[in-house]
Amino acid sequence: MKHNTFTRLAALALSLVLALSLAACGSKDNTNDTTGDNDATAATTVKIGVPNDTTNEARALLLLQENGIIKLADGVGITATKNDIVENPYNVEIVEAEAAQLPNLLPDVDYAVINSNYAINAGLNPVNDSLLIEGSASAYANILAVKEGNENEPKILALKAALESKQVADYISETYNGSVVSVVENPTDGYDASVDYDALKGQTISIAASPTPHAEILEVAKEILAAKEITLDIQSFNDYVVPNTVVDDGTVDANYFQHLPYLEDFNAQNGTHIASIAAIHVEPMGLYGGKQTTLDALTTK
């Protein structure tokens, strides 16, 4: 009797142990399944920083689309926003930020699409350091702009001729090695035959510009104008707003920092009257690695 009782108790204890073990395993499996799903979702979310101004955000999204990372709604073009993403196979999260701050954002995102001027200023080489880079799209050529009505003033024509010179085109080619590309088709000697340079002697032309590469390029134009005893006052700005407002209010004669789609949007949004008078160069926009150092997160599922 004692032996049978002991046997039954041992069997019961073993059954209880097994039941508890199975329950624990089941609970653990369920927990792992949920955690696993969350981890998978977190792991596959790819954060990409883009400029938050209308035209440059669209430009960044178009670069991502051209490389198969996202798909935008048909026809959105240079007005695209993150809300126009219709296919997102890599679970990309678009993080909007001020264009100038994107290099600083790199440690906090997987990638960022950065304008070349800000990339260069942050010590990045657009040709060597970018993981993807756009072509020389003429729609995004950086322009010389002035207040409407001033397009044909002699000093403006003199400035335009200096920027369209062979000296400037050569400087761009030799200095930036493809990260900045001249779009001037027929560079000149830097002077406009229709301008009376003697009448401009002693005058100053003021221009607002981004530090890199615009202010650097303008130093070449400054030398060309100085040979005619004309002073070029280069004023550097780190934002995209003030260079336009100071031209519109007449404080500064011209600016050189933006592409035409940005200017057209700026005029429409702010009621300003600024006109493009020359396309000088293109700065290909690039995708740079932040937490990710390769494109693996955007090429595998």
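**Helix packing and aromatic contacts in the predicted model**

With a relative accessibility of 0%, Leu159 counts as buried. This is a predicted model, and Leu159 makes a handy place to start looking around. The residue belongs to helix α6, which covers residues 154-163. Setting aside neighbours within four places in sequence, Leu159 is in contact with Leu144, Ile205, Ile207, Leu225, Leu232 and Ala254. One of these partners, Ile207, sits 48 residues away along the chain, yet the C-alpha atoms of Leu159 and Ile207 are separated by 9.5 Å.

Next comes a strand residue. Ser206 is found in strand β9, which takes in residues 204-209. Its relative accessible area is 10%, so Ser206 is buried, the cut-off being under 20%. Not counting residues up to four places away in sequence, Ser206 touches Asp233, Gln235, Thr251, Val252, Asp253 and Ala254. Ala254 thus turns up in the contacts of Ser206 and in those of Leu159 as well.

Then there is a pair of helices. Two packed helices are described by the angle between their axes and the distance between the axes. For α7 (residues 166-176) and α9 (residues 211-226), that angle is about 145 degrees and the axes lie 10 Å apart. The crossing of α7 and α9 is right-handed. On the α7 side, the contact is made by Gln167, Val168, Tyr171, Ile172 and Tyr176, while α9 brings in Pro213, Glu216, Ile217, Val220, Ala221 and Ile224. Sorted by type, the residues of this contact between α7 and α9 come out as 9 nonpolar, 1 polar and 1 charged.

Ile172, in helix α7, deserves a look of its own. It is buried, with a relative accessible area of 1%. Leaving out residues up to four places away in sequence, Ile172 touches Asn177, Val180, Val181, Ser182, Ile217 and His281. Among them, Ser182 is 10 residues from Ile172 along the chain, with 6.5 Å between the C-alpha atoms of the two. Ile217 in that list is also one of the α9 residues in the contact with α7.

Now for the aromatic rings. The model has 7 aromatic pairs. One of them joins Tyr171 and Tyr176 in an edge-to-face arrangement, at 6.0 Å centre to centre and with 85 degrees between the planes. How exposed are these two residues? Tyr171 counts as partly exposed, at 24% relative accessibility, whereas Tyr176 counts as buried, at 6%. Both tyrosines also belong to the α7 side of the contact with α9.

Elsewhere, Tyr118, Tyr240, Phe257, Tyr262 and Phe266 form one aromatic cluster. Two of its members, Tyr262 and Phe266, appear among the buried residues of helix α11 (residues 260-270), along with Pro261, Leu263 and Asn267. The buried residues of α11 pack against α2 (54-66), β7 (142-147), α10 (242-248), β11 (254-259) and β12 (274-282). Just after α11, Gly271 takes a positive phi of about 70 degrees.

Finally, Lys228 pairs up with rings in its own way. The lysine lies over the face of Tyr191, at 4.9 Å from the ring centre. The charged end of Lys228 also sits over the ring of Tyr197, 5.5 Å from its centre.

Notes:
Residues numbered from 1 in each chain as written. Predicted model: local features only at pLDDT ≥ 70, side-chain atom pairs only at ≥ 80, totals over all residues. Heavy atoms only, no water. Phe/Tyr/Trp six-rings, centres within 6.5 Å; stacked < 30°, edge-to-face > 60°. Buried < 20%, exposed > 50% of the residue type's maximum accessible area, 1.4 Å probe, protein only. Lys NZ or Arg CZ within 6 Å of the ring centre and 35° of its normal. Axes fitted to C-alpha atoms, helices over the stretch in contact; angles between N-to-C directions. Helix = DSSP H or I, 4+ residues; strand = E, 2+ residues; numbered from the N terminus. Left-handed = near helix turned anticlockwise from the far one by under 90°. Contact = heavy atoms within 4.5 Å. Nonpolar A, V, L, I, M, F, W, Y, C, P; charged D, E, K, R; others polar.
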